[in-house]
Amino acid sequence: MAKIKPSKGAPYARILGVGGYRPTRVVPNEVILETIDSSDEWIRSRSGIETRHWASPEETVAAMSVEASGKAIADAGIDAEQIGAVVVSTVSHFSQTPAVATEIADRLGTDKAAAFDISAGCAGFGYGLTLAKGMIVEGSAEYVLVIGVERLSDLTDLEDRATAFLFGDGAGAVVVGPSKEPAIGPTVWGSEGDKAETIKQTVPWDRFRRGDVGDLPLDSEGNVKFPAITQEGQAVFRWAVFEMAKVAQQALDAAGISPDDLDVFIPHQANVRIIDSMVKTLKLPEHVTVARDIRTTGNTSAASIPLAMERLLATGEAKSGDTALVIGFGAGLVYAATVVTLP
Amino acid sequence: MAATQEEIVAGLAEIVNEIAGIPTEDVQLDKSFTDDLDVDSLSMVEVVVAAEERFDVKIPDEDVKNLKTVGDATEYILKHQG
């Protein structure tokens with residue numbers, strides 16, 4: 001039997017740079033209240049959200065990704081040609097094929113980097129990071145760009161008072177590269193497809209193709225409602241707080257990190273109530289900095305963790321070399337948690 | 001040993017006090033979690049999870065919406081506790 005040469009990778013991987021892009025338009029709760037019967041106070045108390053960003057037609061999934069990635073590449077101190085793979089996590093790029101990752105890889109000036117999209121909802125960043133780490137340690141890429149990007153305003157039912165205020169748009173990117181020391185811990189991840197109904201798209205796209213829309217809900221102007229993300233609030237809250245706290249603890253244990261060793265906690269920015277309750281359930285010490293970027297960014301699904309990471313580093317609330325626990329969780333249901341050294 | 005109605009109300013009062021900051025003496029059988037005790041739909045999930053642990057009972061998501069008052073929750077726990 002012929003002998004195949006093994007691939008040779010780096011001993012470990014780390015996040016080398018992070019970048020974010022938030023759309024120019026800032027949308028306060030007052031705008032949301034034009035289409036739902038609610039109040040600023042109610043929205044803030046249920047979600048912590050004060051403002052979110054909504055993308056303009058020009059701020060496409062690709063355009064926002066290129067902006068965020070450019071910053072991450074500069075932050076990492078590498079050139080785009082050195083990137084071996086581009087992994088994009090999104091659920092709101094509305095052209096199914098080709099993958100938006102290829103356009104992004106091209107516009108960034110990579111040298112024919114491998115490029116593909118993944119669909120892992122709000123856990124997408126952790127899924128992408130895990131793939132990146134594997135590629136680097138296995139040797140199929142030296143540097144990998146991981147992007148979380150969403151235009152969730154396109155998947156929001158503005159007349160649904162339970163979700164209209166929740167979602168935002170934006171892109172977050174990290175460059176992952178070789179490391180002499182472990183700087184990304186073991187990933188604790190998984191899926192619970194039996195809970196698929198708790199967060200989902202209201203209607204599959206092919207219903208529109210078939211014109212099979214007669215029984216679908218109409219908006220206030222009498223048009224068939226476009227598909228949107230819907231969720232069962234209480235069920236999701238229970239799962240996110242109590243089940244995900246267990247997963248977060250497992251990720252700490254797997255990395256051999258005690259809560260006292262932890263500097264920063266960056267959970268998916270789904271809802272400030274989930275974040276606060278998770279912190280309480282995990283009994284995180286006072287000194288741990290907790291990301292609450294949700295207040296001015298809303299829930300941006302796969303983009304939320306890198307966006308929050310970028311902001312904590314930019315404001316000085318966290319610093320390079322800090323040890324951070326990151327956990328993403330959402331539609332699927334899917335989840336991914338790991339401990340990382342901040343770039 | 002199964003908890004009595006009195007013990008359940010006292011336990012729920014402690015839980016509601018911890019989560020919503022309402023004085024324990026205000027937590028009475030006829031009180032509505034949402035209208036009287038400042039427990040909104042998300043805090044209610046925290047109350048339910050704490051009650052599950054304390055009284056060794058499972059309260060599925062689909063049953064939570066029926067627990068409008070402290071009396072509803074007490075009755076549910078009395079009936080289902082392990």
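Helices here are DSSP runs of H or I, at least four residues long, and they are numbered from the N terminus. That is how to read a label such as α3(B), which supplies the largest share of the lining of the largest cavity, four residues. Everything in these views comes from a predicted model.

**The cavity in chain B.** Searching the whole structure turns up one cavity of 30 Å³ or more. The volume of the largest cavity is about 40 Å³. Who lines the largest cavity? The residues are L12(B), F33(B), M44(B), V47(B), V48(B), A51(B), I59(B), L67(B), A73(B) and I77(B). Sorted by class, this lining has ten nonpolar residues, with no polar and no charged ones. Two helices of chain B, α3 (41-55) and α5 (70-80), each put at least two residues into the lining, and α3(B) gives the largest share with four.

**The trio listed as an active site.** An unreviewed UniProt entry lists C122(A), H268(A) and N299(A) under "active site". They are spread over 178 residues of sequence, yet they cluster in space, with a largest C-alpha distance of 9.0 Å. C122(A), H268(A) and N299(A) also belong to the lining of the largest pocket.

**A closer look at C122(A).** Find the loop of chain A between β5 (114-118) and α5 (124-138), and you've found C122(A). Is C122(A) buried or exposed? Its relative accessibility is 14%, so C122(A) counts as buried. Setting aside residues up to four places away in sequence, C122(A) touches H268(A) and N299(A), the other two of the UniProt set. The rest of its contacts are S301(A), A302(A), G328(A), F329(A) and G330(A).

**A closer look at H268(A).** This residue sits in another stretch of chain A, the loop between β11 (264-267) and α8 (272-282). H268(A) counts as buried because its relative accessibility is 1%. Its side chain makes a polar contact of 2.7 Å with the side chain of S304(A). Leaving out neighbours within four places in sequence, H268(A) has contacts that include C122(A), N299(A), I275(A) and I327(A). S301(A), G328(A) and F329(A) are also among the residues that H268(A) is in contact with, and C122(A) touches these three too.

**Helix α8(A), from cap to end.** At the N-terminal end of α8(A), N271(A) acts as a cap, with a side-chain oxygen 2.7 Å from the backbone nitrogen of R273(A). How many of the eleven residues of α8(A) are buried? Eight of them are, which leaves the helix mostly covered. The buried ones are V272(A), R273(A), I274(A), I275(A), S277(A), M278(A), V279(A) and L282(A). I275(A) is also one of the contacts of H268(A). Just after the helix comes K283(A), with a positive phi of about 55°.

**S69(A), tucked into a helix of chain A.** Look for S69(A) in helix α3 (residues 61-76) of chain A. With a relative accessible area of 0%, S69(A) is buried, since anything under 20% counts as such. What does S69(A) touch, not counting residues up to four places away in sequence? Its contacts are I104(A), L108(A), L145(A), I147(A) and A173(A). I43(A) lies 26 residues from S69(A) along the chain, and their C-alpha atoms are separated by 32 Å.

Key
Residues numbered from 1 in each chain as written. Chains lettered and ligands numbered in written order. Predicted model: local features only at pLDDT ≥ 70, side-chain atom pairs only at ≥ 80, totals over all residues. Heavy atoms only, no water. UniProt positions renumbered as here; feature names shortened; annotations may be inferred. 1 Å grid on protein atoms, 1.4 Å probe; cavity = no way out; pocket = protein on both sides within 12 Å on 5 of 7 lines; lining within 4 Å. Buried < 20%, exposed > 50% of the residue type's maximum accessible area, 1.4 Å probe, protein only. Contact = heavy atoms within 4.5 Å. Polar contact = N/O pair within 3.5 Å; in protein donor to acceptor, adjacent residues only side chain to side chain. Points joined across faces, edges and corners; volume = space filled by probe spheres on them. Nonpolar A, V, L, I, M, F, W, Y, C, P; charged D, E, K, R; others polar.
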